[in-house]
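Visitor: Could you show me how to read surface and pocket features in a protein model? I would like the general idea and then the case at hand.

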Amino acid sequence: MISRISLLKYLLITFCLVSLLLTYAQNSQAGELSDRLQFYPNWNHQPNISKADGDLVYPDWMEGTWQVTSILVDQVAPLAPDFVTPGFENNKQ
C-alpha cells in the first residue's frame, strides 16, 4: 500500500511538471516560418532573418567522405506559368 508521504510526493511532482508544461506552452510562440506557411503564396514581405555570425560548425560524426544520391520523385511548379524556375524543364530527365 502507498504511504501518505509517497502519495504527497507523487502529487507534488505531478503538479510541478504540469505547471512547468503549462508555463512553457503559454510562453512559446509559433514563429515566422509557420506564419509564412499559413499565408503562402500571399507573401508581402521578406522573412525576418538575421545575419549569421562566425563559421558554420558541424558535429564530429559528420566528418569524412560521404556518397549521396538523390532521386527526383515529383516535380511541382506551384507558381507556374507566372514564374518559371531556370532549369525546370531540364530536370525532367
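Guide: We will go from the whole chain to a pocket and then to a surface patch. Please keep in mind that this is a predicted model.

Visitor: How many helices and strands does the protein chain have?

Guide: The protein chain has 2 helices and 0 strands. Of its 93 residues, 2% count as buried. The chain exposes about 10,100 Å², and carbon and sulfur atoms supply 60% of that area.

Visitor: Which residues line the largest pocket?

Guide: For a pocket, look at the space, then the lining, then its chemistry. Here the largest pocket holds about 160 Å³ of space. Its lining includes Val 76, Pro 78, Leu 79, Phe 83, Thr 85 and Phe 88. By type, the lining residues are 9 nonpolar, 1 polar and no charged.

Visitor: Which residues make the nonpolar surface patch?

Guide: Leu 56, Tyr 58, Trp 61, Met 62, Trp 66 and Val 68 make this patch of about 790 Å². Met 62 sits in the segment after helix H2 (32-39).

Visitor: Why does Met 62 count as partly exposed?

Guide: Partly exposed lies between the cut-offs of 20% and 50% relative accessible area. Met 62 has 32% relative accessibility, so Met 62 falls in that class.

Technical notes: Residues are numbered from 1 along each chain as its sequence is written. This is a predicted model: local features need pLDDT of at least 70, side-chain atom pairs count only at pLDDT 80 or more; totals for chains, interfaces and linings use all residues. Side-chain values use heavy atoms; hydrogens and water are left out. On a 1 Å grid over the protein atoms alone, a cavity is a set of points where a 1.4 Å probe fits but cannot get out, and a pocket is an open set with protein on both sides within 12 Å along at least five of seven lines; lining residues have an atom within 4 Å of a point. Grid points are joined across faces, edges and corners, and a volume is the space filled by probe spheres set on the points. Ala, Val, Leu, Ile, Met, Phe, Trp, Tyr, Cys and Pro count as nonpolar, Asp, Glu, Lys and Arg as charged, and the others, Gly among them, as polar. Patches are made of residues with over 30% relative accessible area and no salt bridge: like charges are joined within 9 Å, nonpolar side chains (Val, Leu, Ile, Met, Phe, Trp, Tyr) within 5 Å. Accessible areas come from the Shrake-Rupley method with a 1.4 Å probe; for residues, only the protein chains shown count as cover. A salt bridge is a side-chain nitrogen of Lys or Arg within 4 Å of a carboxyl oxygen of Asp or Glu. Helices (H or I, at least four residues) and strands (E, at least two) are DSSP runs, numbered from the N terminus. Buried means under 20% relative accessible area, exposed over 50%, partly exposed in between (1.4 Å probe, protein chains only).
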